Every structure is written in C-alpha cells, then in structure tokens.
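Reader: Please take me through this structure at the level of side chains. I would like to ask some questions and hear the reasoning behind each reply.

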Amino acid sequence: GGRERDGAGAVEMEAAGVAAAAREFGREFVAIKAISDGAEEDLDFLAAFVTPEGFATGRFLAYLALRPRLWGRVAELNRNSQLAAAALERAVGECCSDWQGFAARHS
C-alpha cells in the first residue's frame with residue numbers, strides 16, 4: 001500500500017520482490033531496515049554525489065562549503081544516520097539471537 005493511503009511513516013519497496021519469492025518457495029524472510037530521513041525530506045541534492053564507486057565525499061564537501069544553507073540539513077542527516085545505524089545494529093543483534101521471538105514481535 002501507499003504511505004498516504006495506509007498512514008504509514010515509510011513505504012518499503014526494495015525487499016518486496018525478495019519477500020514474494022520467499023513466500024513462493026515457502027521460506028521465512030525478514031527485512032531489517034533503518035530509516036534516517038523523513039518521507040517529506042528532500043535529499044535530491046545528494047544524488048549527484050552517488051557514483052558506482054561509492055559516495056564522492058570530496059566533491060560533496062566542496063559543494064557543501066559554498067552552500068551554508070545546507071549545513072543544518074546535512075548535520076541533521078548525520079545525526080539521524082547515526083541513530084538509524086545504532087537501531088539497525090540492535091535489531092540485527094536481536095534477530096540473530098532470537099529469530100522466532102523477533103519474527104513474532106515484528107510481523
């Protein structure tokens with residue numbers, strides 16, 4: 001379902017195909033994701049720095065240095081990314097230590 005229709009805070013699309021394949025083959029499946037940006041947040045300015053080799057940090061810092069209006073947004077994204085990484089670490093640890101309990105709590 002869509003975020004607006006379902007009132008969800010996020011829409012998961014990337015793992016939907018894997019989940020469907022798991023169901024088709026009778027396999028258990030869980031996707032664990034951490035979200036670091038809001039659904040309404042515009043992060044399009046970051047796309048130009050994502051390359052097949054990874055994130056172009058040097059070019060991004062040069063771009064950012066000339067645009068102080070973005071500094072607050074980038075600082076907030078950094079804070080949120082750190083919180084998301086910590087939450088993801090906890091969830092993966094919980095899932096690995098108690099798969100059945102984790103699945104029951106998060107289904």
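Author: Happy to. Let us begin with a term: contact means heavy atoms within 4.5 Å. This is a predicted model, so local features need pLDDT of at least 70 and side-chain atom pairs count only at pLDDT 80 or more, while totals for chains, interfaces and linings use all residues. Residues are numbered from 1 along each chain as its sequence is written, and side-chain values use heavy atoms, with hydrogens and water left out.

Reader: Which residues does Phe 49 touch, not counting those up to four places away in sequence?

Author: Touching here is contact in the sense just given, and neighbours up to four places away in sequence are set aside. What remains for Phe 49 is Gly 54, Phe 55, Ala 56, Arg 59, Phe 60 and Tyr 63.

Reader: Is Phe 49 buried or exposed?

Author: Buried means under 20% relative accessible area, exposed over 50%, and partly exposed in between, with a 1.4 Å probe and protein chains only. The relative accessibility of Phe 49 is 5%, so Phe 49 counts as buried.

Reader: How many aromatic pairs are there?

Author: Rings of Phe, Tyr and Trp (its six-membered ring) pair if their centres lie within 6.5 Å; planes under 30 degrees apart count as stacked, over 60 as edge-to-face and the rest as tilted. By that rule, the number of aromatic pairs is 4.

Reader: What kind of aromatic pair do Phe 49 and Phe 55 form?

Author: Their ring centres are 6.3 Å apart. With 55° between the planes, the pair of Phe 49 and Phe 55 is tilted.

Reader: And what kind of pair do Phe 55 and Phe 60 form?

Author: Phe 55 is partly exposed at 40% relative accessibility, whereas Phe 60 is buried at 7%. Their centres are 5.3 Å apart and their planes meet at 65°, making the pair edge-to-face.

Reader: Which residues do the ring pairs link into a cluster?

Author: The two pairs above share Phe 55, which pairs with Phe 49 and with Phe 60. The cluster as a whole is made of Phe 49, Phe 55, Phe 60 and Tyr 63.

Reader: Which residues form the largest nonpolar core?

Author: A nonpolar core is a set of buried Ala, Val, Leu, Ile, Met, Phe, Trp, Tyr and Cys residues joined through side-chain atoms within 4.5 Å. Helices (H or I, at least four residues) and strands (E, at least two) are DSSP runs, numbered from the N terminus, and α3 (57-65) and α4 each supply at least two residues of this core. Its 10 residues are Leu 43, Phe 45, Leu 46, Phe 49, Ala 56, Phe 60, Leu 64, Leu 70, Val 74 and Leu 77.

Reader: What pattern does the chain follow along the sequence?

Author: The chain has 5 helices and 2 strands. Read along the sequence, they follow the pattern α-α-β-β-α-α-α.

Reader: Which residues are linked in a network of salt bridges?

Author: A salt bridge is a side-chain nitrogen of Lys or Arg within 4 Å of a carboxyl oxygen of Asp or Glu, and the count is 2. Arg 105 bridges to Glu 94, with the closest N and O atoms 2.6 Å apart, and Asp 98 bridges to Arg 105 at 3.9 Å. The network therefore consists of Glu 94, Asp 98 and Arg 105.

Reader: How many residues apart in sequence are the parts that Arg 105 and Glu 94 tie together?

Author: Arg 105 lies in helix α5 (residues 99-105), and Glu 94 in helix α4 (residues 71-97). Arg 105 is partly exposed, with a relative accessible area of 48%, as is Glu 94, at 29%. The salt bridge ties together parts whose separation in residues is 11.

Reader: How many disulfides are there?

Author: A disulfide is a pair of cysteine sulfur atoms within 2.5 Å. The sulfur of Cys 95 has its closest cysteine sulfur in Cys 96, 5.5 Å away and so too far for a bond. Cys 95 is buried at 10% relative accessibility, while Cys 96 is exposed at 65%. The number of disulfides is 0.
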